[in-house]
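This report covers one helix pair and a selection of salt bridges. The sequence and structure come first.

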Amino acid sequence: RFDGACSSAYAPAAAHFKHLAEERHTNAARAQALIDEAAAQAAKIEADGADGGESGGESGHPGAIDWKQMAATVQRLRLAWSHLGAIDRKDKKRLDQEFTKALNVMQRPLEAQRKTEVAHREELIEQVARLDPADRGALDALRTAQERWQELARALPLERKAEQALWHRFRAACDAVFARRKESANAADSERRAHQAAKDAISARLEEAAATADAAGARKLLQEAAAGWHAIGAVPRAAEAKVEQRYQAAVAGLQARIDDEKRAASIARASALRDKLRLCQQLESSLTSEGDGHDHAADWQSRWAALPKLAPEFDKALGARFQAALDALGGQGERAAYVRKLEQNRPILLQEVLRQEIAAGIDSGSEFARDRLKLQVEVLQSSLKSGQKGANQAAQFEQLAAMPALVDERTASRIEQLFARVGSRIGTSSGNGSGNSGAHSSGNSSGNTSGKAAR
């Protein structure tokens with residue numbers, strides 16, 4: 001009865017011990033399967049290594065090793081081995097040795113490849129650290145390095161701890177480039193704002209000078225402003241158009257003041273020349289009238305002195321003409337001789353007026369059509385030979401103005417019309433630089449207008 005009771009009591013324990021023995025047997029079978037898989041993978045690695053597969057992971061070679069897959073397999077096998085249940089002690093040591101041996105065959109090339117991958121990552125870190133933030137291609141190089149890092153990480157992940165450490169170093173190097181680039185950009189922005197302030201100051205000086213400066217000072221200021229403007233660097237892009245527009249408007253305003261002064265000076269010189277020419281004509285016309293001119297000489301002289309001076313060559317030519325007429329005013333003999341000279345010069349003057357009208361493109365009137373036709377070819381040939389048309393016309397008009405001759409109202413009107421065409425270019429040809437500039441500025445405008453009307 002006691003033995004039967006013991007047998008009955010032991011029956012559950014026996015079943016439990018049998019179940020444990022079956023589990024150990026099953027675990028041993030699972031361990032052997034893991035060993036067989038590891039051995040097969042190790043054999044494959046050795047075969048691929050013999051074919052050069054260890055260095056051909058990205059070459060597309062049929063036997064190339066997929067390192068990412070290999071790392072996942074090692075991790076999976078190691079994890080599966082650690083989750084194996086109990087195994088009989090007599091089999092445990094042998095199975096552990098066999099698994100470790102097969103796993104080492106797999107891990108040796110994997111660790112070597114991981115060292116290579118670590119070197120690649122170190123190289124990328126150094127490459128990023130060497131980037132110059134000011135270089136235009138820095139961002140592209142940085143983006144390329146980041147893409148390359150992701151490719152390496154996908155191809156073969158490293159051990160988690162090593163991967164994170166290298167990634168933090170790479171990220172720090174990238175952040176340093178961005179920080180230095182931002183700092184450089186801030187410095188550049190500050191410099192551009194300083195450039196904008198300097199350019200605005202130039203525009204302000206030009207705007208102020210447009211209301212106060214004289215022509216000579218304005219020209220000098222424009223030259224200095226242009227030199228200073230081009231010497232200043234770039235301004236912020238958002239303000240670039242506005243700054244340039246203000247500067248151009250200021251330059252235009254100051255140039256308009258210069259042109260106005262030139263025009264006024266040209267008009268004043270042209271008026272003085274016209275007035276002195278008219279006074280010479282009036283004095284010469286008075287010689288033909290009866291009466292003693294001694295009482296009137298002082299009056300003529302005061303009228304002449306009241307007129308502004310001309311350019312030296314015109315002042316000299318008209319002054320000599322006026323003085324010759326004034327000298328003839330005193331004595332009857334001299335007066336008569338001078339009047340004859342005036343009469344003799346009349347046809348010569350008319351011929352010269354006609355010649356200059358042809359050269360200037362001014363209509364001479366129907367009564368001079370025949371004479372004009374005769375002179376046209378000669379004037380054209382002379383104009384082609386002389387070259388500088390404006391200067392030649394000025395010289396010819398100077399000779400015309402210096403020629404003493406009696407003129408009627410029609411001839412005086414023709415000379416006035418001729419003067420309207422070329423007069424703005426004369427009287428200043430030998431003057432100072434501002435005179436020349438002003439004469440040409442207003443002369444081109446009035447001359448062109450008169451020419452179109454005449455044609």
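## Packing of H5 and H7

Helix H5 (residues 160-212) packs with helix H7 (residues 237-286) at an angle of about 25°, and their axes are 8 Å apart. Angles under 35 degrees count as roughly parallel, so H5 is roughly parallel to H7. The crossing of the two helices H5 and H7 is left-handed. By class, the contact of H5 with H7 has 12 nonpolar, four polar and five charged residues. The model is a predicted one.

On the H5 side, the residues that meet H7 include Gln196, Lys199, Asp200, Ile202, Ser203, Leu206 and Glu207, and also Ala209, Ala210, Ala211 and Thr212. On the H7 side, the residues that meet H5 include Ala239, Val243, Arg246, Tyr247, Ala250, Val251, Leu254 and Arg257.

## A salt bridge linking H5 and H7

Two of the residues in this contact, Asp200 of H5 and Arg246 of H7, also form a salt bridge, with the closest N and O atoms 3.8 Å apart. The pair links distant parts of the chain, since arginine 246 is in helix H7 and aspartate 200 in helix H5, 46 residues apart.

Arginine 246 has a relative accessible area of 31% and is partly exposed. Aspartate 200, with a relative accessible area of 22%, is partly exposed; the cut-off for buried is under 20%.

## A salt bridge within H4

Arginine 143 forms a salt bridge with aspartate 140, and the closest N and O atoms are 3.0 Å apart. Both residues lie in helix H4 (residues 138-155), three residues apart, which is about one turn of the helix.

Each partner is partly exposed: the relative accessible area is 44% for arginine 143 and 47% for aspartate 140.

## A buried salt bridge between H10 and H13

Which residue does the side chain of glutamate 357 meet in a salt bridge? The partner is arginine 414, at 2.8 Å, N to O. Glutamate 357 lies in helix H10 (residues 332-360) and arginine 414 in helix H13 (residues 409-422), so the salt bridge ties together parts that are 57 residues apart in sequence.

Are these two residues buried or exposed? Glutamate 357 is buried, with a relative accessible area of 1%. Arginine 414 also counts as buried, at 1% relative accessibility.

## Network and total

Salt bridges that share partners join Glu117, Arg121 and Glu163 into one network. The structure holds 21 salt bridges, among them the pair of arginine 143 and aspartate 140 and the pair of glutamate 357 and arginine 414.

How values were computed: Residues numbered from 1 in each chain as written. Predicted model: local features only at pLDDT ≥ 70, side-chain atom pairs only at ≥ 80, totals over all residues. Heavy atoms only, no water. Axes fitted to C-alpha atoms, helices over the stretch in contact; angles between N-to-C directions. Helix = DSSP H or I, 4+ residues; strand = E, 2+ residues; numbered from the N terminus. Parallel < 35°, antiparallel > 145°, perpendicular 65-115°, else oblique. Left-handed = near helix turned anticlockwise from the far one by under 90°. Contact = heavy atoms within 4.5 Å. Nonpolar A, V, L, I, M, F, W, Y, C, P; charged D, E, K, R; others polar. Salt bridge = Lys/Arg side-chain N within 4 Å of Asp/Glu carboxyl O. Buried < 20%, exposed > 50% of the residue type's maximum accessible area, 1.4 Å probe, protein only.
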